[in-house]
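Hi,

Here is the structure I promised to pass on to you. Have a look at it first, and then read my notes below.

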Amino acid sequence: MSKPSLWAIPLGGLGEFGMNMMALRTGDDIIVIDAGMMFPEAELLGVDIVIPDITYLKQHRDMVRAIVLTHGHEDHIGALPYILRELRVPVFGTRFTLALVRKRLEEHGLLDKTELRDVIPGRHAEIGPFDIEFIHVTHSTIDCVALAIRTPVGVVIHTGDYKMDPTPIDGEPFDLHAFARYGQEGVLALFSDSTNTERPGYTLSERAVWNRIEELLRAAPRKVVFSCFASSIHRIQQVVSIAALVGRKVGFVGRSMVDNVEIAHGLSRLEIPDGIVVRPQDIRSFDPKKLVVLVSGSQAEPMSSLSRIAVDNHRLLSVDQEDTVILSARIIPGNEKAIFRMLDHMFRRRALVYYDDSGGTLHVSGHASQEEEKLILNLVRPRYFIPIHGEFRQLFRHAALAQRMGSVSGEVLLLEDGQPIEFTEDGAAHRREPVPAGRVCVDSGSLEEIEEVVIRDRQHLAEDGIVVPIIAIDKHTGRMESRPEMVTRGFLPSEDGAELLASARDVILRTIEESNAQEKSDWGVIKEKIRVDLKRFLNKQTSKRPLILPVILEV
Ligand SMILES: [Zn+2]
Ligand SMILES: [Zn+2]
């Protein structure tokens, strides 16, 4: 029998923001930690979500024993519906996390087919040769855990997302003790969240937003429209509690807001005083001086409630003069334009708009800053340290921080997606051959994978338009019937357009003329030659790269 070893195979989230996923393998057993998605950058036209490439898992599908979730954020659970179609394996997570997963799987018709297993912080689960303890950590949502995984070659710790909130809203403390306990015992490897590694000091407690929110709710002359991430249960709890304190009632608007509030309340994780909730259909007629409405859509997602309210196109709610609008969320890079466009609409209606910390803290991060990262390192004192969850510079700086501290007895390892590391019985770590990894673009309606070439085509279409040369040939003789036709969309129908298209026709004629007899007998070849020649010609004349789709009509 071969000697035991442990492979850690990062499949997502190392080198980018989002789609977190890592596989651990020992012998013929694999567990997968998290299955996240990320939202596409604007240039990925028509792509709804981006998920990790799971080729490696598909190649070893018989070995995959389970997916283990750290918490319920999209960048940790969003790829599940897609991945569970490929791999029928049980999913482990805390109650709130699995409640969110359940909702998602139901929408995709996968709920009956999936085994979901509740885990409780402080308890263990045995999955094949892995023994996992779930360690409670604080973060911007509830029921978050780190994982301490006992393997045949030692204990590894995966922090999930965390910050060390000394005064958590739900009273559930960060379990420092567990980290210390494992540190004492000896930890082979620590995988730690790098999201905020560029921030010095400590991240503020979630409680830090209370004063500012209370101040704004007290001062608001009319109703308050408050938007935060629907998963920010701590934030929602504070708004509900403050509303009760200042004598306002609370409404909830937006599907994800309503769903998450229901789920958290159902699990007794959100305290809502009796009689404080205003039904959605009563919001419009309710006394605005006595109302705060929690709305989802803080990132100005196109169809979200807040976006629709901003353009006064929402059934339940509108923002009027003197209403207060509070955006209590990080403006995620890439969303700035959409968010500020949305806020501008609110300003136009003469609402009182608050979206930054200029008058007091309106938002705090859920991720650890440098001092917290140091504390984890000092408690765990691992043999190997591997920064996870971050763009490359963040991983790099987290690695440098660990390097400087000297609490890593072995080595700091900088890995990216698809770069496995093998820990062997003798305590050594070896970099292994890369495995397939990368981004897969998905159309969320069909859940079908969108190929890169399709995205490139869409980019061409959006930027440079489309040119369709139509060549009619005689079915019997194989000869061209007439001069080629040209149809264009989104591509210069300007003054000199006609002239350019006439020249383009000449290019096509020349291409056909200059082809040999064999080529002419294969219209597939001719199409490609026309495409290439036309592309070169149009690019030279206009410096644009329209999508060129030659069509051969047999008449
Ligand atoms: Zn995350
Ligand atoms: Zn998170």
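Among contacts between residues at least 6 apart in sequence, 71% join residues at least 24 apart in this chain. Do keep in mind that this is a predicted model. The chain has 555 residues, of which 53% count as buried. Its secondary structure comes to 16 helices and 29 strands, and the C-alpha trace spans about 85 × 75 × 45 Å along its principal axes.

On to the metals. Which residues coordinate the zinc ion that is ligand 1? The donors are D75 (through OD), H76 (through NE2) and D161 (through OD), with distances of 2.0 to 2.2 Å. Written as a sequence pattern, these donor residues are spaced D-H-x84-D. H76 and D161 come from distant parts of the chain, 85 residues apart: H76 sits in helix α2 (residues 74–77), while D161 is in the loop between β12 (154–158) and α5 (176–185). Both H76 and D161 are buried. There is a second zinc ion, ligand 2, and it lies 3.4 Å from ligand 1. D161 coordinates both of these ions, so if you set up parameters for the metals, that is the residue they share.Another residue I looked at is D143, in the loop between β10 (130–137) and β11 (144–151). Is D143 buried or exposed? With a relative accessibility of 10%, D143 falls under the 20% cut-off, which is why it counts as buried. The D143 side chain reaches the backbone nitrogen of R95 at 3.4 Å. Leaving out residues up to four places away in sequence, D143 touches T70, H71, T94, R95, F96, T97 and R269.

Then the nonpolar packing. The largest nonpolar core has 67 residues, and those with the most contacts inside it are L57, I67, L80, I83, I236, F252 and L294. Apart from that core lies another one, of 32 residues, with L14, M22, A189 and Y384 among them. To pick one residue from the largest core, I67 is in contact with V32, A35, L80, I83, L84, V89, P90, V91 and F92, once its neighbours within four places in sequence are set aside.

The cysteines are quickly told. How many disulfides does a search of the whole structure find? Zero. C144 is in no disulfide, and the nearest cysteine sulfur, that of C228, is 15 Å away. At that distance the sulfurs of C228 and C144 are too far apart for a bond. C144 is buried, with a relative accessible area of 0%, and C228 is buried too, at 1%.

Last, the charged pairs. A search of the whole structure turns up 28 salt bridges, and here are three of them.

- E115 and R117 meet through their side chains at 2.6 Å, N to O. E115 is partly exposed at 40% relative accessible area, and R117 is partly exposed at 36%.
- E198 pairs with R393, and the closest N and O atoms are 3.0 Å apart. This pair links distant parts of the chain, 195 residues apart: E198 is in the loop between β13 (189–193) and α6 (210–219), and R393 is in helix α12 (residues 392–405). E198 counts as partly exposed at 30%, and R393 is partly exposed at 42%.
- R536 and D533 form a salt bridge at 3.7 Å, N to O. R536 and D533 both lie in helix α16 (residues 523–542), three residues apart, about one turn of the helix. R536 is exposed, with a relative accessible area of 54%, whereas D533 counts as partly exposed at 23%.

There is also a network: salt bridges that share partners join E198, E391, R393 and R397.

Cheers

Conventions: Residues numbered from 1 in each chain as written. Chains lettered and ligands numbered in written order. Predicted model: local features only at pLDDT ≥ 70, side-chain atom pairs only at ≥ 80, totals over all residues. Heavy atoms only, no water. Helix = DSSP H or I, 4+ residues; strand = E, 2+ residues; numbered from the N terminus. Buried < 20%, exposed > 50% of the residue type's maximum accessible area, 1.4 Å probe, protein only. Polar contact = N/O pair within 3.5 Å; in protein donor to acceptor, adjacent residues only side chain to side chain. Contact = heavy atoms within 4.5 Å. Core = buried A, V, L, I, M, F, W, Y, C linked by side-chain atoms within 4.5 Å. Donors = N, O, S within 2.8 Å, 3.2 Å for Na, K, Ca; no water. Disulfide = S-S within 2.5 Å. Salt bridge = Lys/Arg side-chain N within 4 Å of Asp/Glu carboxyl O.
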